[in-house]
Amino acid sequence: MTLNSGGQEWGNPGTREPPGNDFDDIRREAEGRASQEKDQFKGESVIDTEKHRAGRLISGPQLPIEWLLVYSLMVKVVGFIVGAAGAGKSQYVLQMLAAIASKTASLVGFEPGTHGRVVYLAAEEDERILQKRLKNITREFITTDEQQGAIENNLFVIPTCGAARPIPF
């Protein structure tokens with residue numbers, strides 16, 4: 001006879017069969033657990049149905065939305081930019097961050113919803129490539145000294161490609 005992890009007798013010697021021909025013990029044990037779990041939540045709703053009714057959202061006032069890029073990307077959410085290799089994802093992100101740093105809508109076609117300091121951890125480009133991209137961005141899209149200064153002071157670019165040291169945070 002074999003013992004299971006709980007020290008109970010399990011199956012016939014030399015086989016993997018549980019006691020009984022049709023797994024009756026396993027079924028009864030599972031039904032007992034399910035019944036205990038059901039009793040534990042009896043009378044309680046796992047979901048607060050009043051809090052999550054759609055009517056609250058439909059008929060209530062519009063909840064405020066803080067946009068990073070207006071109507072495109074919200075503040076304090078995780079987003080992904082996905083595409084084939086060479087599609088321009090890193091260039092787009094750098095332009096988006098420069099737009100937020102300078103509050104210049106023309107960079108990415110979206111209006112920045114906020115303005116301030118941003119950090120770009122460049123995982124695939126070294127400093128030479130980043131320099132070339134930033135020079136191209138400022139030459140093509142920046143029209144005032146104020147925008148240029150905002151990018152220079154509010155955008156922090158940290159190349160991590162090939163870095164043999166930890167990221168400086």
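A residue counts as exposed when its relative accessible area is over 50%, as buried when that area is under 20%, and as partly exposed in between. Keep these cut-offs at hand during the tour, which runs through a predicted model.

**The whole chain**

Begin with the protein chain in a cartoon view, where five helices and six strands can be picked out. Followed from the N terminus, these elements come in the order β-β-α-α-β-β-α-β-α-α-β. If you colour the 169 residues of the protein chain by accessibility, the buried ones make up 21%. A contact map adds another view of the protein chain: among contacts with a separation of 6 or more, 52% join residues that are 24 or more positions apart.

**Tyr71 and its ring partner**

Select Tyr71 next, in the loop between β3 (67-69) and β4 (73-74). Is Tyr71 buried or exposed? Its relative accessibility is 71%, and because that is over the 50% cut-off, Tyr71 counts as exposed. Turn then to the backbone of Tyr71, where phi is positive, at about 60°, although the residue is not a glycine. As background to that value, most residues other than glycine have a negative phi.

Now show the side chain of Trp67 together with that of Tyr71. A pair of aromatic rings is described by the distance of the centres and the angle of the planes. The count of aromatic pairs in this model comes to one. That pair is formed by Trp67 and Tyr71, with 5.7 Å from centre to centre and 55° between the planes, an arrangement classed as tilted.

**Helix α3 against helix α4**

Move on to helix α3 (residues 89-102) and display helix α4 (residues 127-141) with it; the two pack at an angle of about 55°, with their axes 11 Å apart. At that angle, α3 is therefore oblique to α4. Viewed as a crossing, the passage of α3 over α4 is right-handed.

Which residues of α3 and α4 meet here? On the α3 side, select Ser90, Gln91, Leu94, Gln95 and Ala98, and on the α4 side Leu130, Arg133, Leu134, Ile137 and Phe141. Sorted by class, this contact of α3 with α4 holds six nonpolar, three polar and one charged residues.

Stay for a moment with Gln95, which is found in helix α3. With a relative accessible area of 14%, Gln95 is buried. A distance drawn from the C-alpha of Gln95 to that of Ile137 reads 6.9 Å, although the two residues are 42 apart in sequence.

**Helix α3 against helix α5**

Keep α3 in view and add helix α5 (residues 145-154), which packs with α3 at an angle of about 110°, the axes being 8 Å apart. This angle makes α3 roughly perpendicular to α5. From α3 the contact draws on Ala98, Ala101 and Ser102, and from α5 on Gln147, Ala150, Ile151 and Asn154. By class, the contact of α3 with α5 has four nonpolar, three polar and no charged residues.

Centre the view on Ala98, a residue of helix α3 that takes part in the contact with α4 and in the contact with α5. How buried or exposed is Ala98? Its relative accessibility is 0%, so Ala98 counts as buried. From Ala98, a C-alpha to C-alpha line to Val119 spans 10.0 Å, with 21 residues separating the two in sequence.

**Thr138 in helix α4**

Select Thr138, which is found in helix α4. Thr138 counts as buried because its relative accessibility is 17%. Leaving aside residues up to four places away in sequence, Thr138 touches Gln148 and Ile151, and Ile151 is also one of the α5 residues in the contact with α3. Glu152 lies 14 residues from Thr138 in sequence, and the C-alpha atoms of the two are 9.9 Å apart.

**Lys103, the last stop**

Finish at Lys103, in the loop between α3 and β5 (118-122). What sign does phi have at Lys103? The value is positive, near 55°, in a residue other than glycine. Lys103 has a relative accessibility of 45% and so counts as partly exposed.

Note on methods
Residues numbered from 1 in each chain as written. Predicted model: local features only at pLDDT ≥ 70, side-chain atom pairs only at ≥ 80, totals over all residues. Heavy atoms only, no water. Axes fitted to C-alpha atoms, helices over the stretch in contact; angles between N-to-C directions. Helix = DSSP H or I, 4+ residues; strand = E, 2+ residues; numbered from the N terminus. Parallel < 35°, antiparallel > 145°, perpendicular 65-115°, else oblique. Left-handed = near helix turned anticlockwise from the far one by under 90°. Contact = heavy atoms within 4.5 Å. Nonpolar A, V, L, I, M, F, W, Y, C, P; charged D, E, K, R; others polar. Phe/Tyr/Trp six-rings, centres within 6.5 Å; stacked < 30°, edge-to-face > 60°. Buried < 20%, exposed > 50% of the residue type's maximum accessible area, 1.4 Å probe, protein only.
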